[in-house]
Amino acid sequence: MFLAEAYKYVAPTAPHMLPDSLPRYVTKAEVKQMFPKELAFRGYCPVTYVLGNKRYEALTPGSRDHVVLYDDELFSMLDDQTMEMFLRQPWKYNRTPLPAKLPPARVAQDVTSLPMLGYMEQTVAKAIIAAMTSCSDFKPKYPYVNAHKSALLYVGYHLKAHNPKATEYSREKYRKKLEKFKEHCELIKYLGDNMNRRYRPEPERPIDFNYKMDEFLALKSYPLPIH
């Protein structure tokens, strides 16, 4: 269509001209270079506010990853979808007035200044809950070790195997240690299920019974795999 009738789509005969100001996405680096220019609309996402019928509850902070420059102002959007809507029709959102009442400003707090319980809640609570939940589901009992120490070992391995700040090599190392620890714990149940008071000749035993029995007895001489 354009090649056949290009004159319909370009100046001076086109019925609609491009506006003087067009919106464009700007990166974090570009935003830093524009300092001290501040975000318009107090950093809230104008799209979610308009879509929410301009209610107080619809005021949502925008993301630094979704900033648009339009009419020499910076607007931050909530996500890709709201940014796309703003880029298509910026005039629907850029002149929206803010309400008189705004949510209280968010103040970043140093977690190291919190009491111990609050510090743990903000940093390691989810990891500890996940480890303890897994431990309660598995109910570990390591050969020749009491249940209390077995549970502590299980939780320790689980924390190290799922530590997001550790390297992938370290996490994989402790995932393998955790699996081996679980295999050793399961020896007790396996042997208990396959042993009784009557002597069973070797042909009547499960094929891996002797191997597991030897592995179980050998653990008595091994130091606990703590590290």
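Here are a few exercises with worked solutions on this predicted model.

**Exercise 1. Work out the strand order of the sheet and say which strands stand at the edges.**

Start with the pairs. Strand β1 (residues 24-26) pairs with β2 in the antiparallel sense, over 3 bridges. Next, β2 is joined to strand β3 (residues 73-76) by 4 bridges, and these two run antiparallel as well. Put together, the 3 strands give an open sheet in the order β1-β2-β3. That leaves β1 and β3 at the edges: each has a single partner strand, so one side of each has no neighbour in the sheet. As for twist, neighbouring strands here are turned by 40° against each other on average, direction ignored.

**Exercise 2. Find the bridge partners of V67 and the residue opposite V68, then sort the side chains of β2 by direction.**

Take V67 to begin with. On the β3 side, its bridge partner is S76; V67 is also the bridge partner of V26. Moving along one residue, V68 has Y25 standing opposite.

Now the side chains. In a regular strand they alternate between the two faces of the sheet. In β2 (residues 67-70), V67 and L69 point one way while V68 and Y70 point the other, and all are buried.

Two extras round this off. The hairpin of β2 and β3 has 2 residues between the strands, and D71 takes a positive phi near 55° there. Helix α3 (residues 80-88) lies across β1, β2 and β3, running at about 10° to β2.

**Exercise 3. Describe how α5 packs on α6, from geometry to residue classes.**

Geometry goes first: helix α5 (residues 125-138) and helix α6 (residues 147-161) pack at about 130°, and their axes are 9 Å apart. That angle makes α5 oblique to α6. The crossing of α5 past α6 is right-handed.

Then list who touches whom. α5 brings A127, I128, A130, A131, S134, C135 and F138, and α6 brings A151, Y154, V155, H158 and L159. Sorted by class, this contact has 10 nonpolar residues, 2 polar ones and no charged ones.

**Exercise 4. Is Y9 buried, partly exposed or exposed, and what does Y9 touch?**

Locate Y9: this residue sits in the segment before β1. The relative accessible area of Y9 is 41%. Buried needs under 20% and exposed needs over 50%, so Y9 is partly exposed. Leaving aside residues up to four places away in sequence, Y9 touches M1, F2 and A14. And S76? Y9 and S76 are 67 residues apart in sequence and 32 Å apart in space, C-alpha to C-alpha.

Note on methods. Residues are numbered from 1 along each chain as its sequence is written. This is a predicted model: local features need pLDDT of at least 70, side-chain atom pairs count only at pLDDT 80 or more; totals for chains, interfaces and linings use all residues. Side-chain values use heavy atoms; hydrogens and water are left out. Axes are lines fitted to C-alpha atoms, for helices over the stretch in contact, and angles run from 0 to 180 degrees between N-to-C directions. Angles under 35 degrees count as roughly parallel, over 145 as roughly antiparallel, 65 to 115 as roughly perpendicular and the rest as oblique. A crossing is left-handed if the near helix is turned anticlockwise from the far one by less than a right angle, and right-handed if clockwise. Contact means heavy atoms within 4.5 Å. Ala, Val, Leu, Ile, Met, Phe, Trp, Tyr, Cys and Pro count as nonpolar, Asp, Glu, Lys and Arg as charged, and the others, Gly among them, as polar. Buried means under 20% relative accessible area, exposed over 50%, partly exposed in between (1.4 Å probe, protein chains only). Two strands pair if DSSP finds at least two bridges between them.
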